[in-house]
Amino acid sequence: MIGDVVLENNLILAPMAGVTDLPFRLLCREQGAGLLCMEMVSAKAIFYGNRHTERLLEIHPEEQPVSLQLFGSDPDILADMAAKIEERPFAILDFNMGCPVPKVVNNGEGSALMKDPRLTEKILNKLVRAVKKPVTIKIRSGFDADHVNAVEIAKIAESCGVAAVAVHGRTRQQYYSGQADWDIIRKVKEAVSIPVIGNGDIRSAEDVLRMREQTGCDGFMIGRGAQGNPWIFRQILYRLETGKDLPKPSAEEVAQMVLRHARLQLEVKGEYIGIREIRKHAAWYTVGYRNSSRLRGRINEVENYADLEKLFQEFTAT
């Protein structure tokens, strides 16, 4: 449970810009994800009525429960925009303090806020007061190796009334390189009484079991481990329930998932954008399968659904 939101399980799809769009979230929900996090949305973009942002805010009834993630650094704009969109059908409002990309960090947003506990406290106080829905945060271990302050930020969040905190065990300086430090997740769990969600290097059921043993965290947030593998949620749940592992999806299952994903993309975004966005997903789906490197070279040449379908017919025939 996060605030008053009851989840079917504690497996959470991490918010990933350019990845956790509506089509992908639907697939992950079908495979058992207990909570789906949307792509991060700029509070300023909502304020200025950016047209692209409206698409990012779209939510389908079949993907509930959903966590909508805002980012920004102006406490008043964040609070006002949170209140403005609260009527939309998301269950949880998440605040991004983990994004490492320069254009976000250079604006004092995302993981840059790890360097400013006072501003963080002001933002979180205003966000929690602005909405009735539970407010959560996603943080990193710190901004760099010399400033690992996830425990401090988590304590501030708890004191402000934040309902849960997700901790990615890497600093901003690390981006996504190296190994995630799960020990910082344990330290946060020991420091606060609100739910703590572990994030970083979860790619299998075995990783979930190890993280649970090492950190005692309440939930597990899966990001890159779900790219090209929405089955990961079903695989983890099956292992937790039975102690056994599900077999890897067959080439035929992969092909059918790619084509289904593509149809959803085209339905939501149209053929021109949808077919171009499915290319990266199709490349992720096929990693580790026979002739996959040759296939991925051809994926970028696909211009329409018919081309994609033909390509994956060849993929399953080999």
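How much area does the protein expose, and what share of it do carbon and sulfur atoms supply? The protein exposes about 14,000 Å² (Shrake-Rupley method, 1.4 Å probe), and carbon and sulfur atoms supply 47% of that. The model is a predicted one, in which local features need pLDDT of at least 70 and side-chain atom pairs count only at pLDDT 80 or more, while totals for chains, interfaces and linings use all residues. Residues are numbered from 1 along each chain as its sequence is written, and side-chain values use heavy atoms, with hydrogens and water left out.

As for the overall build, the radius of gyration, taken over C-alpha atoms, is 19 Å, which agrees with the value near 20 Å for a compact globule of 318 residues (2.2 Å times the number of residues to the power 0.38). Buried residues (under 20% relative accessible area, 1.4 Å probe, protein chains only) make up 56% of the 318. Turning to contacts (heavy atoms within 4.5 Å), 68% of those between residues at least 6 apart in sequence join residues at least 24 apart.

Then there are the pockets: open sets of points on a 1 Å grid over the protein atoms alone where a 1.4 Å probe fits, with protein on both sides within 12 Å along at least five of seven lines; lining residues have an atom within 4 Å of a point. The largest has a volume (the space filled by probe spheres set on the points) of about 460 Å³. Of its 28 lining residues, Pro15, Met16, Lys138, His168 and Tyr176 sit closest to the centre. The second largest pocket comes in at about 330 Å³. Gly228, Asn229, Lys248, Trp284 and Val287 are the closest to its centre among 15 lining residues.

Methods:
Buried means under 20% relative accessible area, exposed over 50%, partly exposed in between (1.4 Å probe, protein chains only).
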